[in-house]
Amino acid sequence: MTRHIIRKEFSDLVRDGRFRWCSLLVGALLLVSLGHGWVQARQAQQERAAAQATARDHWESQGEKNPHSAAHYGVYVFKPRLALSFVDEGVDPYTGTSVWLEAHRQNDFLLRPAQDATAAQRIGALTAAQVLQHLVPLLIILLTFGALAGERENGTLRQLLATGVGRRELAWGKALGISGALALLLVPAAAVGAAALVVGSPGPAASPFARGTVLAVVYLGYFGAFLALSLAVSAWARSGRTALVVLLAVWVVNGLVAPRVAVDLSKWLHPTPSAFEFARTVEREMATGVEDILPPDRAASTERLLREYGVESVDELPVNDVGVYLQESEEFGNRIFDRNYGALWDAFERQGAVHEALAVIAPLLAVRTLSMALAGTDVEQHRHFATAAEEYRRDVMRRMNGDMAANSPSGDFSYTAGRELWEATPPLSYAAPTLGWVLGNRALSLLVLGGWLVGTILAAAARVRRAEVG
Amino acid sequence: MIWRTVLRNEWRLLMADRALRIALGLFALLLVYALVNGVVWTRFLERTVEAVQAGNTERADAIESELIDIANGGEPISPFADPRSPYVLGGPSASHTAVLDPGPLTALAVGQSDLLPYYYDVHIYTNESSSFQQNGEVENPLNLMVGRFDLAFVVVHLLPLLVLALSFNVLSEEREQGTLALTLSQPVSVRGIVAAKLAFRLSLVAGMALAISLAGALATGGFASPGRVLLWCATVVAYTIFWFALAAWVNSLKRSSAWNATVLVGAWLVLVVVLPASINIAAGLLHPLPSRVQMITAQREASNEVVNQRSELLARYLEDHPEMAEGVVADEQPQMGALIWAATDAVNSRLEEVTGEHDARRAEQIALVRRYRFLSPALLAQEVLIDAAGTGDARFASFQSQAKAFVEEWRQFFVPPILAGEQLSASVIPHLPKFRLEEEKAGDATRRATVPLIVLGGLLVIVGAGAGAGLGRVRGAD
């Protein structure tokens, strides 16, 4: 019997002009956004890889100079686009693309693509993730709101139940029929997405296929929750119209209101300093130190070197005292940066957790978090790259100061190093985080999304059991 | 007379409908919440601007007292930073920060104010790559991506939904209940009835939105620019009328309430959600912005070139700037300071060239992209609203170009003493250049808004005419 219901529901939907048009529209938007995302991500990645190679070339061919001058010359690094970023560009337009690594200071990532765009472009770019998070649920609502409420309004529910069909069977039949119709839309899109990864991965990523699979499962869970919720409302509502109004209200709160409320709430619960305050604090702490982090004392540093090597004057030192002192001040600066940037990143992370927690009222927030995480375009993975870049900067500075300390006598400022040293400094090699790392950080969202799926299925079961026949 | 009856009847009906009461109450709540958010943000910006300006005064005072101290026989605080040297006095430690006050109606629309920089440190080393490529406020990228819950958001996205809920069945319900024929037996026209009903609802919705907007402007001093307040209100009203007119048109098609609801929600979805996003994707495909990544590389190469030819630079500099030559030529030996400055100046002008090319291409692309906004009333309304608030792209762009001009002014002040190898004293402090923001003229925002508003008005007229014609064909017997 369930088979008949599934078949009836499926063919009803496929024959329905409204469904055909809506699905066609959503399907077209999905394919266009996937294609555009892929082209654009590939282009951006190629460009960044090229810029990275040029930056390396600049570094290697900077000519003969003192290693500390080289440290000031520094090197630019560009953030790679990860493979799945074509599905979900996440916060990428709002994080910088490039950072200049130089002596003495940790710089911010600059060049946020959004800063170059217009205000209109902030209303939302069409990415596959946007279509999946906003438009597919809407399609599910349109397909499902009348499933039971409509049968009741038409008086066919009583007839159906009179034939001996169980309510549970009926609901399952409806759900599977609708899922079948949706599959016509989603399976090709998933196939296109997978094919895009095979044909040419836009960028590097740890295990793109594993990430892609989990991504698909996450979206299926989200759609399942919406389907179950719509069925529950359809079973509960007196009329199809009420069901539609309630479900649309849910959709508006889920997609439009809750995300922005989460922004305000997160800022209110975990305020961040203004850019001005932040810069001032770093400047002040760099000048005078803070708590037990104190700036190195040049005289004391030299004194210690003299004692260590058992010599009387700096001329007799086997190392360059300036090189040693420069490294000491690097390390002092690093502790100041860790303290301030660490606190800022932690605040961002806590703000992100507020967004995740609010997913209890809006599943979109959970699925959006997971989607960005799996695509490698969330704030945490930006931090992951920023940390790697900063580690690299510190390594380069250590090498430069170390070379100066070891290979030039104290008091000699005419010492120069050349290509050999620049080439011996390895380029930044960045490994994107593993799937386990990503999912481990996103346990809360996984839990909430799972909760939504189970909760809505239970609600649908309960509502269907108690559904009035007419 | 009959109008008064219709209006009174409408009021009773509305108050009797619990769902509509809840919807209206919720809307009022969201408006207030959005305004509170905007006011909190404005206060944050105001505090920062104040702190930035206080920093300017502090730095100037500190350096002045140091200079006076030195004149009285004291020593510079740091032997490497003698403030008498124009390099130090014009340099970062004595810099002047150019700052943009929050837009007059920031409390109503956060706009771009959370994304774009609103102050720049200006000193002799300020240039395209070090200073004008910077991030704005410290903000979680996630929050930037989502956007703020401000009045502009409520008006552009949520207000149409309330309008549709209030008016999708304005005529169809009368017909479905069989009261249409009865009503039309009175000496009234269908147009008149629908107009009266919608005018009543319009005054409720627009009235609430305007009341909260005006309260916000009052609370944050927005009435200092009455033109902007007026522009804001006009846009809110025009946008609201557009949605009511659309509802009237759909109602005039003589279909069921359910059909009307579906079509109107579909229209909202297309005009507010799908079209803007699709326009953005089309804009990205057809008019891609020039790459900043390539610009960084070009900037780097430009400054490398300059550094490699440092020795020839002074001669060329003096050729280009004969007015600066006096102090230098007086000496036989070109001075170190002049040489360094020549290199800095050469780097700056190469950077300006590279960045200028990039900016020009960007401006071209943006001009093309902006044409597409005429396709969506939501985009039109959003643009005019944030521009009226003073948080749109235009005001930030104008501030940036003023800041760049100020950099030039600052250089003009310090370069002659640098080239002449002069030392400065406390007497120059009162003459140091100060940044004064030239606010846009009252008419500027209005002028920019003219075309979008005309287009929005045009859409309104088309939809309204459709509604009028359709309603003229409705008979009581339908």
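This is a short talk on a predicted model with two chains, A and B.

Hi everyone, thanks for coming. Please keep in mind throughout that we are looking at a prediction.

Let me begin with the overall build of each chain. Chain A has 18 helices and two strands. Chain B also comes out at 18 helices and two strands. If you put a box around the C-alpha atoms of chain A along the principal axes, that box is roughly 105 × 45 × 35 Å. For chain B, the C-alpha trace spans about 105 × 45 × 35 Å along its principal axes.

How does the radius of gyration of chain A sit against that of a compact globule? A compact globule of 470 residues would come in near 23 Å, but chain A has 29 Å. Chain B tells a similar story: near 23 Å for a compact globule of 478 residues, and 30 Å for the chain itself.

What about the inside? In chain A, 47% of the 470 residues are buried. In chain B, 45% of the 478 residues count as buried. Now take the contacts in chain A between residues at least 6 apart in sequence: 84% of them join residues at least 24 apart. In chain B, residues 24 or more positions apart account for 84% of the contacts with a separation of 6 or more.

Next, the place where the two chains meet. The contact draws 60 residues from chain A and 57 residues from chain B. On the chain B side, several helices each supply at least two residues, among them H2 (18-71), H6 (151-167), H12 (292-308) and H15 (336-371). Which helix gives the largest share of that side? That would be H11(B), with ten residues. Sorted by class, the side of chain B that touches chain A has 28 nonpolar, 20 polar and nine charged residues.

Now let's zoom in on chain A, beginning with its strands. Strand S1, residues 75-78, runs antiparallel to strand S2, residues 98-101, and four bridges join them. Within that pairing, A:Val77 stands opposite A:Val99. Are the faces of S1(A) covered or open? Both are covered: A:Val75 and A:Val77 on one side, and A:Tyr76 and A:Phe78 on the other, are all buried.

Between those two strands is a loop, and A:Asp88 is in it. Is A:Asp88 buried or exposed? A:Asp88 has 26 C-beta neighbours inside 10 Å, so it counts as buried; the cut-off for that is 20 or more. Setting aside neighbours within four places in sequence, A:Asp88 is in contact with A:Thr127, A:Ala128 and A:Ala129, and also with A:Ser371, A:Met372, A:Ala375 and A:Thr377. To give you a sense of distance, A:Asp88 and A:Val319 are 231 residues apart in sequence, and their C-alpha atoms are 52 Å apart in space.

One of those contacts, A:Ala128, takes us to helix H5 of chain A, which covers residues 128-144. At 1.5 Å a residue, the 17 residues of H5(A) should span 24 Å, and the end C-alpha atoms are 23 Å apart, so the two agree. There is a bend, though: H5(A) turns by about 30° at A:Leu135, and a proline, A:Pro137, follows within four residues. H5(A) is mostly covered, with 16 of its 17 residues buried.

For a companion from the other chain, look at helix H10 of chain B, residues 226-251. Its 26 residues should span 38 Å at 1.5 Å a residue, and the end C-alpha atoms are 37 Å apart, which agrees. Of those 26 residues, 19 are buried, so H10(B) is largely enclosed by the rest of the structure.

Last stop: two residues of chain A with a backbone feature to look at. A:His104 has a phi near 75°, a positive value in a residue other than glycine. You will find A:His104 in the loop between S2 and helix H4 (113-116). With 12 C-beta neighbours inside 10 Å, A:His104 counts as exposed, because the cut-off for exposed is 12 or fewer. A:Glu291 is not a glycine either, and its phi is positive at about 50°. A:Glu291 belongs to the loop between helix H11 (275-288) and helix H12 (298-309) of chain A. A:Glu291 has 8 C-beta neighbours inside 10 Å, so it counts as exposed.

That's my tour, and thank you for listening!

Methods. Residues numbered from 1 in each chain as written. Chains lettered and ligands numbered in written order. Predicted model: local features only at pLDDT ≥ 70, side-chain atom pairs only at ≥ 80, totals over all residues. Expected span 1.5 Å × (residues − 1). Rg over C-alpha atoms; globule rule 2.2 N^0.38 Å. Contact = placed C-beta atoms within 7 Å. Nonpolar A, V, L, I, M, F, W, Y, C, P; charged D, E, K, R; others polar. Pairing = 2+ DSSP bridges. Bend = angle between axes of the 7 residues up to and from the residue.
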